[in-house]
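Hi,

Here is the structure I said I'd pass on. Have a look at it first, and my notes follow underneath.

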Amino acid sequence: MGEPIKKLMRQGVDDARTACYEAARVIKTRGPTQIQFWFIALAIGIGAGLAALFFRLGIEYIQSTLYGTEDITRLHSFIAGLEWYQIVAIPVAGGLAVGVILDRFTDDGRVRSVGDVIEGAALSEGRVEVRRGLASAVASLLTLSSGGSTGREGPVVHLAAVLSTVICRWLNANGITGRDLLGCAVAAAVSASFNAPIAGALFALEVVLRHFAVHAFAPIVIASAAGTVINRLAFGDVTEFVLPVQNALAFYVELPAFLILGLVCGLVAVILMKAIFWADDFGTYVQNETGLPRFLRPAIAGGLLGVIAIWWPHIIGVGYETTSAALQGNLILREAITFGILKVIAVAITMGGRMGGGVFSPSLMVGALTGLAFGAIATSIFPTVSGEGTLYALAGMGAVAAAVLGAPISTTLIVFELTGDWQTGLAVMVAVSLSTALSSRLVDRSFFLTQLERRNVHLAAGPQAYLLATFKVSSVMRPADTPRAAPEEVCWELIREGVYIDGNATLEQAMPLFEQASHTYIPVVTLGGEDSPPQLWGALFQVDALKAMNRALSETAAEEHS
């Protein structure tokens, strides 16, 4: 009896293995069904949640090893007791390691982060760079562990996007499926980082996919819930920050103060973003003028951070200890202003020095300090009608972060889920709405979209602006040997007049030529060297370019409203 049972068991295992292989083959060739897609979303959510967990634990382990403390929640207090050369040497060594990694594995020495994920969703069918993304994750891990003054959420979001890209390539997923899987990975990463499942799902929709299509909602929520479960299994069902008392709004009399706070936070957010961009431009200028090797740039930034940290260790790392102190009202007015200014400088140095990390946690810290300082002033002027000063810190935290991310909805929810305080929603929403309205007029909507705009990736204006960049001229033109091609002699005459375009260009570059030249078609050529004449490929007709653009806009509208 034993042998027949073993035979049946082996047969069952073989059948199960064959069924799994067949299911994988069908998914790869035909695409997943809706139910299968939900299971894939669940798997991505678990994977992204584990990536966020191990990234956080990795920072804590390396940080505690480098600085010699077991309680990293009190890192700033511990650093104050170290020798000055230790405080300086650790970020310098970390910056040098980051520089070597980025110089070896990236072509531009730049860390990939949330902006690249947004670009991948819009222009690359939900894909991001895998090799450079992994190098960026390691670089950001070292940056945050050795004293870089940025956040861990941006690198985790891109690391999750790398995971979804690998799965998309395996599935050979189309654009819609690829973007949905990317949204699942981002949602899980954010929810696992903050223990905030609602905000994680909305962040993926609001910031990365930039639409709220119904078809994407269910899988993204599944992935976000999976990421949250990973976080709670590791850390328990606790909020990131603990508020000392239940905040209370002094009825409607206090609302005008939060309107003003929103405007102030909008300006502070713009200053933070502009400081980062200015530092990056200045660092590039110095590097080009002096011939400084690219790998030394992060090390110099680390040295500057170490020097500042000798007197103000609060700038080191993510900064949750200082953020908690602000939310609990444990800082006086002078400290709140000083720490806020120094944090802006430290973040600008870190990111301008190409060290890596994200901007979300720094914006939370700067916002909390701004709100606390504003609250100290407001409650001293009108003590009889003012609530708790910590309420202003909470509202300021959300207002600056929302303006930097360009995500008022998800940021408001993140603030609620980080603190567990749902009773002060009116004050937070008022401040957030005013800050985002003001800052979006002074930058290209958000830090990430402005970052992309500086690289000539025009996503802030919407699909009508960036979809042209997704079409190569060679894919839309009419070749010279087709029946409906443009007359060859006319094309050569236009070329001699200087009216032509390279076949590797995009429609974004081609469309302005139609307006300038007033022609119905433009010759498409391959440009040779100085002594080589151009080779005629064919011609790009304006009507064909407009048809391609119209189809792309229709497909985008259908995806966003499905």
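Disulfides first: taking a disulfide as a pair of cysteine sulfur atoms within 2.5 Å, the count is 0. Why is there no bond at Cys-168? The closest cysteine sulfur, in Cys-184, is 9.6 Å away from that of Cys-168, which is too far for a bond. The same pair comes up from the other end, because the sulfur closest to that of Cys-184 is in Cys-168, at 9.6 Å. Cys-168 is buried, at 0% relative accessible area, and Cys-184 is buried too, also at 0%. Buried here means under 20% relative accessible area, exposed over 50%, and partly exposed in between, using a 1.4 Å probe and protein chains only.

Before you go further, bear in mind that this is a predicted model: local features need pLDDT of at least 70 and side-chain atom pairs count only at pLDDT 80 or more, while totals for chains, interfaces and linings use all residues. Residues are numbered from 1 along each chain as its sequence is written, and side-chain values use heavy atoms, with hydrogens and water left out.

Now the overall picture. The chain has 24 helices and 4 strands; these are DSSP runs numbered from the N terminus, with helices being H or I of at least four residues and strands E of at least two. Of its 562 residues, 54% count as buried. Among contacts (heavy atoms within 4.5 Å) in the chain with a separation of 6 or more, 79% are between residues 24 or more positions apart.

On to the sheet. How are the strands ordered? The order is E1-E4-E3-E2, in an open sheet of 4 strands with mixed pairing. The edges are taken by E1 (478–479) and E2 (501–502), each with a single partner strand, so one side of each has no neighbour in the sheet. Two strands count as paired if DSSP finds at least two bridges between them.

Going across the sheet, E1 runs antiparallel to E4 (residues 535–541), joined by 2 bridges, and Pro-479 has Gly-538 in E4 as its bridge partner. Two helices pack on the sheet. Helix H22 (residues 488–496) touches E3 (521–526) and E4, with its direction at about 80 degrees to that of E3. Helix H24 (residues 542–560) touches E1 and E4, and its direction makes about 60 degrees with that of E4. For these angles, axes are lines fitted to C-alpha atoms, for helices over the stretch in contact, and angles run from 0 to 180 degrees between N-to-C directions.

E3 and E4 are antiparallel, with 6 bridges between them; Thr-526 stands opposite Gln-535 in E4. E2 and E3 pair in the parallel sense over 2 bridges, and the bridge partner of Asp-502 in E3 is Val-525. E3 is mostly covered, with 5 of its 6 residues buried.

There's a helix pair to look at as well. Helix H6 (residues 130–145) packs against helix H7 (residues 153–171) at about 155 degrees, with the axes 9 Å apart. That makes the two roughly antiparallel, a label for angles over 145 degrees (under 35 is roughly parallel, 65 to 115 roughly perpendicular, the rest oblique). The crossing is left-handed, that is, the near helix is turned anticlockwise from the far one by less than a right angle (right-handed if clockwise). The meeting residues include Gly-133, Leu-134 and Ala-137 in H6 and His-158, Leu-159 and Val-162 in H7.

H6 also holds Thr-143, which is buried at 0% relative accessible area. Leaving out residues up to four places away in sequence, Thr-143 touches Val-98, Gly-148, Thr-150, Thr-350, Met-355 and Gly-356.

Two more spots. Gly-371 sits in helix H15 (residues 360–381) and is buried, at 0% relative accessibility. With the same four-place exclusion, Gly-371 touches Leu-261, Tyr-392, Ala-393 and Gly-396. The C-alpha atoms of Gly-371 and Ala-399 are 8.9 Å apart, and the two residues are 28 residues apart along the chain.

Last, helix H13 (residues 320–327): how many of its residues are buried? The count is 8 of 8, including Glu-321. After H13 comes Gly-329, with a positive phi near 70 degrees.

Cheers
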